[in-house]
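Hi everyone, thanks for coming. I'd like to walk you through a structure that will be new to most of you, so please have a look at it on the screen first.

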Amino acid sequence: MVDLDLAPYVATAAEATERSRSWRAGIIRFCRRQPLGTVGLVLVLVMAVAGLLAEWIAPYSPTSNDFAAMTEPPSWAHLMGTDQFGRDLFSRIVFGARTALFVGFSCALLGGITGLVLGVASAYFGGRLDLLLQRVFDVVMAFPLIILALAVIAILGGGVHNVIVAITIPLIPRCARVVRSSALAIREMPYIDAARACGFGHTRIILRHMVPNVMAPFLIMLTAFVGQAILAEASLSYLGLGVQEPTPAWGLMLQGGAEEFASTAPWIAVFPGLAIALSVFGFSLFGDALRDAMDPKLRER
Amino acid sequence: MIRKSGWAAAGLAVFCVATMAATAAAETPKRGGTLTFMIPADAPPSFDGHRETTFATVHAVAPFYSVLIRVNPDNPSSTTDFVCDLCTEMPQPTDGGKTYTFKIRQGVKFHDGTPLTAADVAASWQAIVRPPDGVSSARESYFIMVDQVEATDPTTVVFRLKFATNAFLPALADPYAWIYKKEILDKDPHWYEKNIMGSGPFKFASYDIGQSIKGVRNPDYYRPGQPYLDGFIGIFAAKQAVRVDAIRADRAAIEFRGLPPSARDELVRELGDKITVQTSDWNCGNLVTPNHKKKPFDDVRVRRALALAIDSWHGAPALSKIATVHTVAGIVFPGSPLAASKQELEQLAGFWPDIGKSREEARRLLKEAGAEGLKFELMNRNVDQPYKYVGTWLIDEWSKVGLQVTQRVLPTGPFFDALRHGTFDVTVDFNCQSVVNPLLDIGKFLPHSVYAENYGGYDDQKEIELYQALLRETDATKQQAMIREFERYVLDTQTHMIMTPWWYRIVPARSYVKGWKISPSHYINQDLANVWLDK
Amino acid sequence: MYRYVANRVLLAVPTLIGAAALVFVLMRLIPGDICLVRLGSGGGNVDPRTIAACHAELGLDRPVILQFVDFVWNFSRLDFGISMWSGKPVAEEIAARLPISLEIAVMATVFAILIAIPLGTISALKQNSWIDHVVRTVAIAGIATPSFWLGILSILAVLEISNAVFGAPWMPPIDYVPFWEDPLRNLSMAILPALTVGYRYAAVSMRMTRSAMLEVLREDYIRTARAKGLLERLVINRHALKNALLPVVTLIGIEFAFLIGGLVVTEQVFNLNGVGRLFVLAVQNQDYTLTQALVMLTVAIFVFANLAVDLLYAWLDPRIRFG
């Protein structure tokens, strides 16, 4: 039987080498064409390094109180000052990068993959499954994140893992919607029907034909999700519904003490917010540049 | 020569008179002005003082009502000085201390013009002590000693008790015991939840939901000259930063509950002598309650170790710089005559002067109980001041004897739920009472079978017996000894609960606010009748 | 056309019922008891009988199914019930807080539209120039910056600057007065929150305008118009903008519905007595009736915003209109 498989495959080693060389050239081209995107990439890398190597970079433990050094301004001993418990702010920010990365990537991956599966299934099978899923997505998207988060936190308890659950849930329908509209376009193509006619199973068609073609918007959405998840965690922690003390997390650092000491010790409020803004900024810039680079229509005229 | 010195003498005399007049004027209250103050809460759930326990209700609504007796507004930090509001003089109990007869003031009028009589007082107290079905009275359990309350004639109210006790009079001075109109209570006992009509120094003007409450002077108030204010505006603001900024920008003059040290420092630094700070020990405190139903906290050695590990003597001064805590004391409010002295305290676990020895003993006990390096979770409420600060400090202290503790912070609803269902290892608990009434206040330490708000999950018949005897003892010296025995039993022998430094009230206010004096309770002295503005 | 409309309207119903069921279940899964919070949070002693009486009063001792049926039935008759916390009608509680939230939402929208459309257009016209980079950076900064952090900093900035310049610190008024009573006071309270919320709103709209304009500018008819020698200004206004605006308007409509989520945090920061803060309070107090009503309100706004957008598309797309 003739193999009507049309998915892109890396068939030989020679082709693989060709690809890696062109990957490097691609990156260089990317940096030159998308200066903003490069800035974003750098920011993301800084954050990743901080999060991964936190133990080596941070001068102090992020959770040890030092009542003798409360709310001290930035100095050589404490690069970003100390908070109201005497904890070193720089160390907390560095460890906070780890929390943010963990939350951001977990939510993005979990939400993205679930959304991908549901969106493609919805588009492929259509009919009543599609109708049902669409209604469920509507309800979840319309539902306020705050209530969902509070309910999840109250029922399951606080902590990082439950925050991830709370943030992932609204991300799923958003991803599913976008994937579904991309997949719908693919579904209309004649080779899908041809493949069905040849008797190929649903799974094979979905995995080999539909999924690879929605990859581009999907990946771009993932970078956006990481940023959104970090922001969502910050908002929830600010409202007291997110990660709990004494876990170092940027949003949590902006709650309570930051506002109470805003006039007397503004560094407690400034640095965590700056960290959040810069990381989400980096992810957004990078995601934007990625989209611009991958979308043929938006290339330079 | 004589003429010169004559003029000098005259000038000096004039100067003296002028200074005296000025000083006298500074002490004479000025009439007029509107006091704007912040209320650190979201709107009160209802206006009914009999039903609610939150200070939001009392701060917002107390100026509209009168009470029978109260803590002396000119000496509110006293724990024994009770004076009459609606009565004419403080009665001496008769019949072996079981009967109190109050004579009610003449000429008091409700805001709708009708006269207030003993019948109204009796009906209001009846609603508090023995509410009819379907009506809730939050203080019912404070008055188990009351057998009967009735108005024997239009000017006399008589309380008959089941047994004589020193706890009755302070309980009677409860700031929520507002006097309602009997006619309205008879028609609709729920009327006062949404409506306000009292006999107090201010008349209800308006209420913007969730925003502010306004009152204006009651021209027929029975205290001549009072209230000095033309009116007041109480603005609800749950966020501390807003309240501090409001006082700083003079959008409000005072916040009556209490602000943390950082706010006080900021205001004093920015405004200098435009701010006056009053401070007082607070009849509120956090406690640590181990869950006796969970191993290994059923073992008294583990509980004692928890107490011995904590260095309150050094911790309190450090904490008092950032949190609203201050004084180290036992189970009795530190300012009360029934409180323990420093020497007496130092005998109890958790108050030893030598922390090294104390922690050594803690380690020894943990080892003996097989709980070395124990890991557990401290449950806490999601409130910054001072809960989270105290919680963080406790975890640090326990780490010094090898205990590995994590904190679980819950919002108010789930926190209470977890307390009630005992789904915690160890929790930060709290005990807050309106009037300083040590005999009733220490009820918190009694087992759940007697005191509903105890969450330790233990039963202890001996403790209950000690308490019952204590409650009925009327001789002051004997009572002192008995309360010391009770304290030792609860904090040391059994270590049912562990004390942390008592809360501290810090009230910075604009200096033009005069007449209001701070007290150990943020519930009392809020009818604003004696407050005036010096501007 | 009418079949399409009827179809879309009917589809809104299961969404609303689904949301109702979800909020009902979630609220009751949260551990806690409003009566205990209300009566016992002062720290004193509360009799269990008092709590039982409170339960009976609020109807919490009835079977759960009955409570749900009552809720859905009443909601369909637009009877939102009584708030469990304060005893006042839910409609009254919400109505008291709607003005300030609405005002900020409207001001933020106006701000977003005024800023986003011109800037987005310019950015698209001058793609990859320095103007484009600056606008894109500003837009992404608007999306990346946590709005509550911006709020905190702006309050601080206003306080410190007014202190430095005027010698006395100035803060916006803390009690709300309606616009017609005292416009200056009202605006001074609303302007900072509106700008904080509007910044993010403008940023999202700016990006959408830019990408929509870029798409349109590549169309053949634009090239034709330019080839015809038409003034650039006319090309943009008469041809490009009108077509680009459709997705932008769609986005603005949908983002308006999401604004409520943003309001929750903003009203916390600025301590405004609005619907967003009411939301947080209702959930914290475990006031079932109030929370349910608010969630249904939010979902309804979202559903109808989507519906309006769908209908707009249906009206504009001849395939659907005449299909």
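Let's begin inside: which residues have the most contacts inside the largest nonpolar core? They are A:Ile147, B:Leu68 and B:Val121, and the core they sit in has 340 residues. Please keep in mind throughout that this is a predicted model.

Let me stay with A:Ile147 for a moment. Setting aside its neighbours within four places in sequence, what is A:Ile147 in contact with? The answer takes us over to chain C: the partners are C:Val23, C:Leu26, C:Val283 and C:Val295. Hold on to those names, as we'll come back to the boundary between these two chains.

First, chain A itself. Chain A is built from 12 helices and 0 strands, so to speak a run of α after α when you read along the sequence. It has 301 residues, and 51% of them are buried. If you take the contacts in chain A between residues at least 6 apart in sequence, 71% of them join residues at least 24 apart.

How confident is the predictor here? The average pLDDT of chain A is 80, and 90% of the residues score at least 70. Among its elements, helix α4 of chain A, residues 89-125, has the highest mean, 90, while helix α1 of chain A, residues 13-33, has the lowest, 66. Residues 1-12 of chain A have a pLDDT below 50, and this stretch makes 12 contacts in the model beyond near neighbours in sequence. Please read that start of the chain with some care.

Now on to chain C. How many helices and strands does chain C have? The count is 13 helices and 0 strands. Its C-alpha trace spans about 85 × 65 × 35 Å along the principal axes. Chain C has 323 residues, with 43% of them buried. For contacts in chain C between residues at least 6 apart in sequence, 73% are between residues at least 24 apart.

Chain C touches both of the other chains, and I'll take chain A first. Here the contact draws on 38 residues from chain C and 38 residues from chain A. On the chain C side, the elements that each supply at least two residues are α1 (2-29), α6 (130-144), α7 (147-166), α10 (232-270), α11 and α12 (288-316) of chain C. The largest share, 8 residues, belongs to α1(C). By class, this side of chain C divides into 27 nonpolar, 9 polar and 2 charged residues. And there is our earlier residue again: A:Ile147 is in contact with C:Val23 and C:Leu26, among others.

Let's turn to the other boundary, between chain C and chain B. This contact takes 39 residues from chain C and 43 residues from chain B. Two or more residues each come from α2 (34-40), α3 (48-58), α5 (90-125) and α11 (275-284) of chain C. Which element gives the most to this side of chain C? That is α2(C), with 5 residues. The classes here are 19 nonpolar, 14 polar and 6 charged residues.

That leaves chain B. Its secondary structure comes to 17 helices and 17 strands. The C-alpha atoms fill a box of roughly 85 × 70 × 50 Å along the principal axes. Chain B has a radius of gyration of 25 Å, which agrees with the value near 24 Å that a compact globule of 535 residues would have. Of those 535 residues, 54% count as buried. Among contacts in chain B with a separation of 6 or more, 70% come from residues 24 or more positions apart.

I'd like to finish with one detail of chain B, its strands β7, β8 and β9. Strand β7, residues 202-208, pairs with strand β8, residues 212-217, in the antiparallel sense over 6 bridges. Within that pair, B:Lys203 has B:Val216 of β8(B) as its bridge partner. The hairpin of β7(B) and β8(B) has 3 residues between the strands, and there B:Gly210 takes a positive phi near 70°. On to the next strand: β8(B) is joined by 5 bridges to strand β9 of chain B, residues 231-236, and these two also run antiparallel. In that pairing, B:Ser212 stands opposite B:Ile235 in β9(B).

That's my tour; thanks for listening!

Conventions: Residues numbered from 1 in each chain as written. Chains lettered and ligands numbered in written order. Predicted model: local features only at pLDDT ≥ 70, side-chain atom pairs only at ≥ 80, totals over all residues. Contact = placed C-beta atoms within 7 Å. Helix = DSSP H or I, 4+ residues; strand = E, 2+ residues; numbered from the N terminus. Nonpolar A, V, L, I, M, F, W, Y, C, P; charged D, E, K, R; others polar. pLDDT = per-residue confidence, 0-100. Rg over C-alpha atoms; globule rule 2.2 N^0.38 Å. Buried ≥ 20, exposed ≤ 12 C-beta atoms within 10 Å, placed from the backbone. Core = buried A, V, L, I, M, F, W, Y, C linked by C-beta atoms within 7 Å. Pairing = 2+ DSSP bridges.
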